[in-house]
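Trainee: Could you help me understand how words like "buried" or "oblique" get attached to a protein model?
Mentor: Gladly, let us look at one together.

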Amino acid sequence: MKKRLIVLNHVKKSFGDLTVLDDFNLYINENEFITLLGPSGCGKTTCLRLIGGFESPDEGTIEFDGKVINDLEPNEREINTCFQKYALFPHLNVYNNVAFGLKIKKVPKAEIEERVMQTLKLVKLEDYASRSISTLSGGQQQRVAIARAIINRPKVLLLDEPLGALDLKLRQEMQYELKEMQRQLGITFVYVTHDQEEALTMSDVIVIMNEGKILQIGSPEDIYNEPKNRFVANFIGESNIFEGKMIDDYWVHFCGRDFKCVDKGFEEFEEVDVVIRPEDFDFVPPSKAKIVGRVDSLIFRGVHYEINVIVDGHEYTIHTTKYREIGDKVGLAVEPANIHIMKKEASK
Amino acid sequence: MINSRLMKKKSRQGAGLLLTILLFAFLYLPIIIIFIISINNSTRGYRFEGLTLKWYSELLFNFKTPSSDLVIFREAIFNTIWVALRSTIIATVLGTIFAIGINALDKKRRVRMMVLNNIPVVNPDIVTGISLMVVFTLISFSLGETTVLIAHVFFSIPYVVLSVVPKLKRLDPNMYEAALDLGCSRLCAIWKVIIPNISTGIIGGALIAFTMSIDDFVISYFTSGIDFENVSIWLYTKMKNPQNLNPTLYAYNVLIILITIGVILFISLKRDRKEKQK
Amino acid sequence: MKTLRRYSFPYLIWMILFVLVPTLFLVVLAFSDLSLYRLSAFSIRFDNFAIFQESYIITALSNSLIYAFVVTILSFLIGYPVAFYLTTLSEKTKKILIALLILPLWTNMLVRITAWERIFSPNSIFTDIFNVSIPILGTQAAVVIGLLALYLPFMVFPIFSVLDKLDPKMIEASKDLGANDTQTFIKVIFPLSLGGVVSGFIMTFLPSLTAFALPETLGWRRVPMIGMEIQKKFIIEGFQAFSINQGALISILIMLFSIASFILITRVDKEGETLI
């Protein structure tokens, strides 16, 4: 089993009347790329700031390497942060930004120089050492922010939506680089984002949060394929969600038909939510299909078409590379393994 | 069509230009008079009697045979500058610290503190002067140089705060935290990260504080008692008989303007060069 | 960041000591027979209000109000168009002209007053050089012109800084939506610059209202203003019985104008940061 590096125990945090986190429990393993994913205002940044030491919890404990660190100042923690919008020091050049932490710790000058150049090389900015921060592009500033944090050899690097300000192409490039860096450095990354694609691409573990609560923890595959509830399914990728009923083990009824599935253990006629990913539908000849409908709209999305099919008044969204005309009669098929059954949420 | 639009715009611009020129002429008229009196070869300064620089040399270099008036005037100048220097330094340090504190407050409290901060700025000098006089008398502080110094610190701080707070607001709040994150203590983070990035606001505030202090009359007048005289107080006692005012006073004023212009030019040129380097 | 809050606390104490304490004490002085220089038991009395029946106070007060009002209106009528014109200039010219507008303020206010004294004297240095004579020393006009010269820049600065920050796209949007120049000005530009106008009004009205060295010199003491009376009550007649108490009462009256200004300014300037 991996070593638990950070543990949050029954943490509560409020700002004024607003409770952001309540009875929040989470552990983070050593050497893991963990992502806190959720819509804005879900408490993910607060969670990160608690770990970093910029906020202290109202209740509960935060442990690091087996010790409670509630009362440690940020500068006393072996944790560094890569801030949203970078928070680079505009009065210092690239070199001095990166060297800042080492200078504070009074590391010998020769060692500082060696480590700064080494780190700049790692983030591919070795030629930019004497440049002023304001002359750098967003992507370069991002790299400086990372270099400034990792040069201190923290055990944990916290990243607060670090790619939020970059354009799509750059963001994708940086995603691979960050992942690669994490492997090379062998330190724990705690990553906060609201971008589900980013989370799926980079993480070992994803923590889905909403309204201060953890909804699901799991590997990207688990979360994508087996969302625990409607919120997770909706938040991770596009989904067709239908109201259904379990007729029996391995049999579910929705949209007026019975389907074979791979889930069991529900009560008889238990109401459930049924999730089918848009890319899991296949077109089949209408004569052989269980589901038959008409193409209602079609949008070209680059890699695929997004086609809306109306079946008995229900709307199905389908991602496919096959072209169909609007108004065409189409048959749809779906593998039992791709029909995901979720328990209904009690309240909503 | 285009022509008539242009004409309308032109005539409006012309009116604006004319009014602006008139305003500048109006504001500069006394400055011109001050300058002329300072180079006018007449002791009383009511008639023009030819050009001279003797008032400048009298003020700056006559240490062997100064008139008793000049000795008192020089003492007043010394008092003015000495109070201004000290009050500027104290007000700049305190104002910057207070501004950092105010900026960290939540919005409601911050606005309240700013309103409080603006009281001495909006209040007429005479009210501020009387208020301070009353406080000092109340705590049996005898009026004199110290009370004037405290008074100047008091009215200067709000200007420093007003000039620093907007710079602080523009800073990324994470920057302070980034410094903590990289191993700084709180004071180290303020000194190494916050101060360098609000330095233009601090310098601006210090400049305002210094010029306000040098030119202040009303507040100094009410808080000085009888033992302490700065240039303004000294001048006020003489203003009852303006014909007795010696042109060295005007020479002093022209020098103050020139020095201030020099300092401002120096600072702005330095800033421009720094910006160009970036 | 929040840990830095504590640095604002001493400022609160400092302001209470130098603003709240004296204000309360002035109120006590105004409504009692307490002596500022010999603190002792005191009794509340309203006799000080009798000064508002004295004709010299009434004249001084009405003079001050009228002059301050006239100066403020004139400053606005001149200052607003000038501030507006300045915003239409190039960045560089703008910077230079604003610096030139500040420059006169670096000379001592009293020295500027004596310069006006020379200008308004018969047979002055002004006549010798410009060949014009304006011998109006000792008249209301001299006082009003002098006040205008001292405080007009304080009308221009706040209006300029508000107008200069206006997004030019807002004006384009207004025209795009069909407003002509006049309508754009009345419906968009002027309402948005109101904050600056209010600061400008206050920064010219209050100092004009309370001036005392200027009317003494340019008005030859023939044109009494309320600042002169306050000064007399506190300094010249300070040791006479109840003089300071009467002065305190007049000061409280002036403070009411300050407070009114404050309420007005916090209405338009919600962040409290556009004063300078």
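Mentor: We will go through some strands, a buried residue and a pair of helices.

Mentor: This is a predicted model, in which local features need pLDDT of at least 70, side-chain atom pairs count only at pLDDT 80 or more, and totals for chains, interfaces and linings use all residues. Residues are numbered from 1 along each chain as its sequence is written, chains are lettered from A and ligands numbered from 1 in the order in which they are written, and side-chain values use heavy atoms, with hydrogens and water left out.

Trainee: Why is A:F281 called buried?
Mentor: Buried means under 20% relative accessible area (exposed is over 50%, partly exposed in between, with a 1.4 Å probe and protein chains only). A:F281 has a relative accessible area of 3%, so A:F281 is buried. A:F281 lies in strand 15 (residues 281-284) of chain A; strands are DSSP runs of E with at least two residues, helices are runs of H or I with at least four, and both are numbered from the N terminus.

Trainee: Which residues does A:F281 touch?
Mentor: Contact means heavy atoms within 4.5 Å. Leaving out residues up to four places away in sequence, A:F281 touches A:N240, A:I276, A:Y316, A:T317, A:I318, A:L332, A:A333 and A:V334. The C-alpha atoms of A:F281 and A:T320 are separated by 8.0 Å, although these residues are 39 apart along the chain.

Trainee: What makes strand 11 and strand 12 of chain A a pair?
Mentor: Two strands pair if DSSP finds at least two bridges between them. Strand 11 (residues 240-248) of chain A has four bridges to strand 12 of chain A, in the antiparallel sense. One of the facing couples is A:K245 with A:H253, and another is A:D248 with A:W251. In the hairpin of these strands, which has two residues between them, A:Y250 takes a positive phi near 65°.

Trainee: Which way do the side chains of strand 12 of chain A point?
Mentor: In a regular strand the side chains alternate between the two faces of the sheet. In strand 12 (residues 251-254) of chain A, A:V252 and A:F254 point to one face and are buried, while A:W251 and A:H253 point to the other and are not.

Trainee: What is the order of the strands in the sheet?
Mentor: The order is 13-12-11-14-20 in chain A, an open sheet of five strands with antiparallel pairing. Strand 13 and strand 20 (340-343) of chain A each have a single partner strand, so they stand at the edges, and one side of each is left without a neighbour in the sheet.

Trainee: How many bridges join the other neighbours?
Mentor: Strand 12 of chain A has four with strand 13 (residues 257-260) of chain A, strand 11 of chain A has six with strand 14 (residues 271-276) of chain A, and strand 14 of chain A has four with strand 20 of chain A.

Trainee: Why are helix 4 and helix 6 of chain C called oblique?
Mentor: Angles under 35 degrees count as roughly parallel, over 145 as roughly antiparallel, 65 to 115 as roughly perpendicular and the rest as oblique. Helix 4 (residues 109-120) of chain C and helix 6 (residues 140-151) of chain C cross at roughly 140°, and their axes come within 11 Å. The two helices are therefore oblique to each other. Axes here are lines fitted to C-alpha atoms, for helices over the stretch in contact, and angles run from 0 to 180 degrees between N-to-C directions.
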